[in-house]
Amino acid sequence: CGDWVRFQLRFAGTRVETARIQVRGCSATIACASLVAEAVEGLEIEAARALRVLSLAQAAGAKPRDLSHAPALVERALEAALAGASAGCQAELG
């Protein structure tokens, strides 16, 4: 679909200190990425890995039509960013 998400995470030890995003896509993708960026700040890395974007989006009132691809895309981008934590990498998925 052409949507992509890039998370830039800064860590303090094993905690996500700050989370920034760059997103190109539909409003659902942008909203999901924003929800996740806010939700991961302050979390331990393992807690951030346990986040389920679909659940966050549903709790925020997302409509079923908005849940077709955005949560999965954002979750994969977050997983990639967290996997690169030890190497100081950025992750972009689309």
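**Exercise 1. Find which residue pairs with Glu75 in a salt bridge, and say where the two partners sit.**

Start with the side chain of Glu75: in this predicted model, it meets the side chain of Arg52 in a salt bridge, 3.5 Å from N to O. That fits under the 4 Å cut-off for such a pair. Next, place the partners. Glu75 belongs to helix α4, while Arg52 is in the loop between α2 and α3, so the bridge links distant parts of the chain, 23 residues apart. Finally, check how open each one is. Arg52 has 40% relative accessibility, so it counts as partly exposed. Glu75, on the other hand, is on the list of buried residues of α4.

**Exercise 2. Work out whether the Arg15 and Arg49 salt bridges join distant or neighbouring parts of the chain.**

Take Arg15 to begin with. Its partner is Glu44, with the closest N and O atoms 2.9 Å apart. Arg15 is in strand β2 and Glu44 in the loop between α1 and α2, so this pair ties together parts 29 residues apart in sequence. Both ends are partly exposed, because Arg15 comes out at 37% relative accessibility and Glu44 at 31%.

Now Arg49. Its side chain meets that of Glu46 at 2.6 Å, N to O. Here the two residues both lie in helix α2, three residues apart, or about one turn of the helix. Arg49 is partly exposed at 35%, and Glu46 is exposed at 56%. If you're keeping a tally, the model has four salt bridges in total.

**Exercise 3. Asp3 is buried and has no salt bridge; figure out which side chains it does contact.**

First, look for a charged partner. The nearest side chain of opposite charge is Arg24, and that is 7.2 Å away. A salt bridge needs the atoms within 4 Å, so Arg24 doesn't make the cut. Then try polar contacts. The side chain of Asp3 has one with Thr29 at 2.9 Å, plus another with His69 at 2.8 Å. As for location, Asp3 lies in the segment before β1.

**Exercise 4. Describe how β1 and β2 are put together.**

Begin with direction: β1 (residues 4-12) and β2 (residues 15-24) run antiparallel, and nine bridges join them. For a landmark, take Trp4, which stands opposite Arg24 in β2. Then go to the turn. This hairpin has two residues between its strands, and Gly13 takes a positive phi near 70 degrees.

**Exercise 5. Check the length of α4, then identify which element gives the most to the largest nonpolar core.**

Length comes first. Helix α4 (residues 70-83) has 14 residues, and at 1.5 Å a residue it should span 20 Å; the end C-alpha atoms are 20 Å apart, so the two agree.

Next, pick out what α4 buries: Ala70, Pro71, Leu73, Val74, Glu75, Ala77, Leu78, Ala81 and Leu82. Then turn to the core, which has 24 residues; Phe7, Leu9, Val40, Val74 and Leu78 touch the most other members. At least two core residues come from each of β1, β2, α1 (27-40), α2 (45-50), α3 (53-59) and α4. The top contributor is α4, with seven residues. As background, nonpolar side chains tend to be buried together in soluble globular proteins.

Terms used: Residues numbered from 1 in each chain as written. Predicted model: local features only at pLDDT ≥ 70, side-chain atom pairs only at ≥ 80, totals over all residues. Heavy atoms only, no water. Pairing = 2+ DSSP bridges. Helix = DSSP H or I, 4+ residues; strand = E, 2+ residues; numbered from the N terminus. Buried < 20%, exposed > 50% of the residue type's maximum accessible area, 1.4 Å probe, protein only. Lys, Arg positive; Asp, Glu negative; His and termini not counted. Polar contact = N/O pair within 3.5 Å; in protein donor to acceptor, adjacent residues only side chain to side chain. Expected span 1.5 Å × (residues − 1). Core = buried A, V, L, I, M, F, W, Y, C linked by side-chain atoms within 4.5 Å.
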